[in-house]
Amino acid sequence: MTLRVAIVGGGPAGIYAADILTKSETPVSVDILERLPAPFGLVRYGVAPDHPRIKEIIKALQRVLAKPEVRFLGNVEYGVDVKLDDLREMYDAVVIATGAMADRDLGIPGEEHSLGAADFVSWYDAHPDVPQEWPLDATSVAVLGVGNVALDVARVLAKTGEEMLVTDIPPHVHAGLSAKTITDVHVFARRGPAYAKFSPLELRELNHSPNVEVVVHPEGFDVDAHGMAHIAQHKAQKMVLNTLTSWVGADPVGKPHRIHLHFAEAPTEIVTDAAGKVTTLRTERTHSPDEDGNVVGTGEVTDWDVQQVYRAIGYRSSALPGLPFDERAAVVPNDGGRVLDLDGVPIPGTYVTGWIKRGPVGLIGHTKSDAAETVGHLLAETTETATARTPEDVDAYFAERDVDIVTHAGWERLDAHEIALGAAEERLRVKVATRADMIRAASMLEG
């Protein structure tokens, strides 16, 4: 007998789980159900287009999808096209790997007038379910956060449309970036530079554009004894601090666009005019009184003249139909990947992995170990049953509901189509931007 497993989510977390399952000694058959017509999740729709190096992981993920024991079923929306009870009837076990796509809240007055970094990333990465227009008519903008997403947002806002044209962006993104009027992007960190969460490489790349100058402001750029102790324990953050220190006080070189890095400035309010347009970001200078880098305000307030504010303080997962959800932690309650009911009792045959399991922290390497833990419990606790349906039964289920499935072969046709679009413009790829066009390309007859 073969263990039949459904994995909901076709990003790295779900694909790694499928890989580990197929490498086990247990005979398995895995269906990966993905809401979008294309796989790879945030690797495709969360990595900035001018960072193709990071997308190299897709090659490894593609090899998993090509395994005979794995089926990719794209364009299937959990909770709409199929419910948890249906999946539990059709499979021996279900693994939820839906990740995190929403922005965390700031909790300050005027926040409703800010823009979500995750939404902006979805726009410039040509996510098929977001509008193709984005407001870029400001001259000065603020980005709140000190992670790599904040750097991505700042870099894309500052770069010219022509610089980005060598990437995989489709025409509507290029048109939007070419028409923007932004000259200055201000990135704000609540804590001092010793606690910046940028990766060293991402930070250094910020200064590579011929059109963008990085300005590190000396105000708030202090490293006290607590900060020194912190970087002594974190090699990457020491490298980040060294880069930042080399930029403090540097003479301007006169590039047309600037990214300003401000440290020890906590946002306290977003101010708008009578029409609801942002006019000011208000911040308070902070200092860190303890070794954990926790900050307290000093009472020194600054008003910054900006016309847009982007929240880049982290992603959060969203609740899923039929599953318990911890709103505070924004995860499905679980014990090592076993989904727990409201009484803390494991729900048989139901598991989670990735950010929906542990929150949006860690790199892709953490996702592998995370999936290994979940799959270990699944294999130890699950046996094949007579109720699991065959792949043909599953296909018939979706056919009865008129779900237009995109298979792995369909994805390969879409992939080839995007590569052909890119070749016509001497680029590696041009993304297809709408769901209808993606499905149409996936459905094309070979040849």
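## Second largest pocket

The second largest pocket encloses about 590 Å³ of space. A pocket here is an open set of points on a 1 Å grid over the protein atoms alone, with protein on both sides within 12 Å along at least five of seven lines, and lining residues have an atom within 4 Å of a point. Its volume is the space filled by probe spheres set on the points.

Among the 22 lining residues, Pro-52, Lys-55, Glu-56, Leu-428 and Arg-429 are the closest to the centre of this pocket. The lining comprises 8 nonpolar, 2 polar and 12 charged residues, where Asp, Glu, Lys and Arg count as charged. Helices H3 (57-65) and H15 (408-424) each contribute at least two residues to the lining.

## Basis of the model

The model is predicted: local features need pLDDT of at least 70, side-chain atom pairs count only at pLDDT 80 or more, and totals for chains, interfaces and linings use all residues. Residues are numbered from 1 along each chain as its sequence is written, and side-chain values use heavy atoms, without hydrogens and water.

## Antiparallel sheet

Three strands form an open antiparallel sheet in the order S11-S12-S13. Strands S11 (265-272) and S13 (296-305) are the edge strands. Strands are DSSP runs (E, at least two residues), and helices are runs of H or I with at least four; two strands pair if DSSP finds at least two bridges between them.

S12 (residues 278-287) pairs with S13 over 7 bridges, and Glu-284 stands opposite Val-301 in S13.

Definitions and conventions:
On a 1 Å grid over the protein atoms alone, a cavity is a set of points where a 1.4 Å probe fits but cannot get out, and a pocket is an open set with protein on both sides within 12 Å along at least five of seven lines; lining residues have an atom within 4 Å of a point.
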